[in-house]
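Please load the model in your viewer and keep a selection panel at hand. The stops below are meant to be followed in order, each starting from a selection and then turning to what surrounds it.

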Amino acid sequence: MRENCCQGLPSPGEAIPAMEGSEPGRGGMRRFTWEEIGQRSGRGPAPQERWLVIDRKVYDISHFCRRHPGGSRVISHYAGQDATDPFIAFHLDKALVRKYMSPLLIGELAPDQPSFEPSKNKKLVEDFRELRATVEKMGLLQPNHAFFFLYLCHILVLDVAAWLIIWYFGASLVPFLFSAVLLGTVQAQAGWLQHDFGHLSVFSKSRWNHWVHKFVIGHLKGAPASWWNHLHFQHHAKPNCFRKDPDVNMHPLFFALGKTLSVELGVQKKKFMPYNHQHKYFFIIGPPALVPLYFQWYIFYFVVQRKQWVDLAWMMSFYIRFFLTYLPFLGVKGTLGLHLLVRFIESNWFVWVTQMNHIPMHIDYDKNVDWFSTQLQATCNVHQSFFNDWFSGHLNFQIEHHLFPTMPRHNYWKVAPLVKSLCAKHGIEYQCKPLLTAFADIVHSLKDSGELWLDAYLHK
């Protein structure tokens, strides 16, 4: 649900087709109930229709979702629901996007209908929106460009240092391994930096963020921006929601995740893997293998299948640069070996950091709860320190990042006390733990859910 210069949006003056059903209100604007809207989720009685609500306005996205600049799935995940908070969270120029959304407008909520689903916590929704307004007034959504410039510089310095080591000391084992560690660090840190640009956190114009995002993820990492956008914004829209968050798609083929889903899998007598041992084989098919054995190859299929030729060109610029840089010193086998080792280091770093905030948390089907609760039940934090901030790309503040995805990361620590206060007011747990504890909790949660699956599989 992001703007991209409004590409793919209908023209502001395009005619709105007449609707059947609810009676028109004043000015000819049709009025709807939440029951009617809930039926337009792309499933149920009217599977071809998808409606959503933003600021009490009802929009028909049935056809537009396929042209949505942020992808069809991320906007469809809110079909039949109120999407006000994610709309505000994901877009920079909201007035511009609303202007181009006007042809999709089909009506508004009836006067007797609440502004969001009756099942949601009214006071919590209002308090979070007040917090959002406070954040904007405090200027916490404004980036410090010097921070990101220096961050990019430190990545480039490490990249050059890795090559200088091979150039000066030669291709013997110790320089080779030291260079690989530096390049693995470059890949991990460039991953956090592309994340900033992908979330539109650096520049005030979406277009500028998109341009630099393609450079960082494409030329510095060899991955496509379109692939990252397709997956990551779904994750943010519905974190840890099975069949909506692609980050939990490893369930049930490889892992049984979450208490509810694991028991369900056991009751259904499904066994794709020996889940009661998943906390052990996680160390084999998880951190070491995700990037070099899956992502590394799937991204090429993704860009070719979707004809993302610009992304492919950026990716190829990375591989051309890498091989031209190291081939004269290491030869073909040595260069391929270095690349594989770098991906191995990157993969371990990436998986442990990204999963420590989510796998131990609540995983279930989408229950359509409010934005604040959706993010808090799916995320946790890791203690702040200079090392933790650097090592995780400030994703140790995962709660704040999920609540305010366009917030520059250097401001997470400033908003954290306000988020904690809101959690305390509403009796919501705000989890924050040491780094190593967070790593261990991944394994513990996999062990627990595996045991729940086994018990249900054998006895229910």
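Contact, as the word is used on this tour, means heavy atoms within 4.5 Å. The model is a predicted one, and every value quoted below should be read with that in mind.

**First stop: a loop residue and its surroundings**

Select Asn368, which sits in the loop between helix 13 and helix 14 (371–376), and display whatever lies in contact with it. Leaving out residues up to four places away in sequence, Asn368 touches Gln81, Glu117, Ser119, Lys120 and Lys238. Two of these are also polar partners through their side chains: the side chain of Glu117 is joined to that of Asn368 by a polar contact of 3.0 Å, while the side chain of Lys120 makes a polar contact of 3.5 Å with the Asn368 side chain. Is Asn368 buried or exposed? Its relative accessibility is 17%, and because buried means under 20%, Asn368 counts as buried. Before leaving, check the backbone as well, since the phi of Asn368 is near 55 degrees, a positive value in a residue other than glycine.

**Second stop: the loop between helix 9 and helix 10**

Most residues other than glycine have a negative phi, and most peptide bonds are trans. With that background, select Asn240, which is found in the loop between helix 9 and helix 10 and has a positive phi of about 60 degrees although it is not a glycine. Asn240 counts as buried, at 3% relative accessibility. Then move along to Pro252, whose place is in the loop between helix 9 (225–237) and helix 10, and inspect the peptide bond that joins His251 to Pro252, which is cis, with omega about 0 degrees.

**Third stop: the sheet**

Now colour the strands, of which four form an open sheet in the order 1-4-3-2, with mixed pairing. Strand 1 (31–32) and strand 2 stand at the edges with a single partner strand each, so one side of each is left without a neighbour in the sheet. Strand 2 (residues 51–54) and strand 3 (residues 57–60) run antiparallel and are joined by four bridges, and within this pair Val53 has Val58 of strand 3 as its bridge partner. The two strands form a hairpin with two residues between them, and Asp55, in the turn, has a positive phi of about 50 degrees. On the next pairing, strand 3 meets strand 4 (residues 105–109) in the antiparallel sense over three bridges, and here Tyr59 stands opposite Leu105 in strand 4.

**Fourth stop: the nonpolar cores**

Which members of the largest nonpolar core touch the most other members? Among its 54 residues these are Tyr326, Leu338 and Met356. Helices that each supply at least two residues of this core include helix 6 (145–169), helix 7 (173–198) and helix 18 (435–459), and the largest share, eleven residues, comes from helix 13. Centre the view on Tyr326 and, leaving aside neighbours within four places in sequence, you will find it in contact with Asp159, Ala162, Trp163, Ile166, Ser179, Leu183, Gly331, Thr335 and Leu338. Apart from this core lies another one, of 53 residues, with Cys65, Ala225, Val419 and Leu422 among them.

**Fifth stop: annotated spans**

An unreviewed UniProt entry places the feature "transmembrane region" at residues 147–170, 281–300 and 312–332. Select residues 147–170, a span that is 96% helix and 0% strand, with its end C-alpha atoms 34 Å apart. Residues 281–300 can be examined in the same manner: the chain there is 80% helix and 0% strand, and the end C-alpha atoms lie 27 Å apart.

**Last stop: cysteines**

How many disulfides does the structure hold? The structure holds zero disulfides. Select Cys423, which is in no disulfide and has the sulfur of Cys432 as its nearest cysteine sulfur, 12 Å away; Cys423 is buried, with a relative accessible area of 1%. Turn then to Cys432, likewise in no disulfide, for which the nearest cysteine sulfur is that of Cys380, 8.3 Å away. At 37% relative accessibility, Cys432 counts as partly exposed.

Conventions. Residues numbered from 1 in each chain as written. Predicted model: local features only at pLDDT ≥ 70, side-chain atom pairs only at ≥ 80, totals over all residues. Heavy atoms only, no water. Core = buried A, V, L, I, M, F, W, Y, C linked by side-chain atoms within 4.5 Å. Buried < 20%, exposed > 50% of the residue type's maximum accessible area, 1.4 Å probe, protein only. UniProt positions renumbered as here; feature names shortened; annotations may be inferred. Polar contact = N/O pair within 3.5 Å; in protein donor to acceptor, adjacent residues only side chain to side chain. Pairing = 2+ DSSP bridges. Disulfide = S-S within 2.5 Å.
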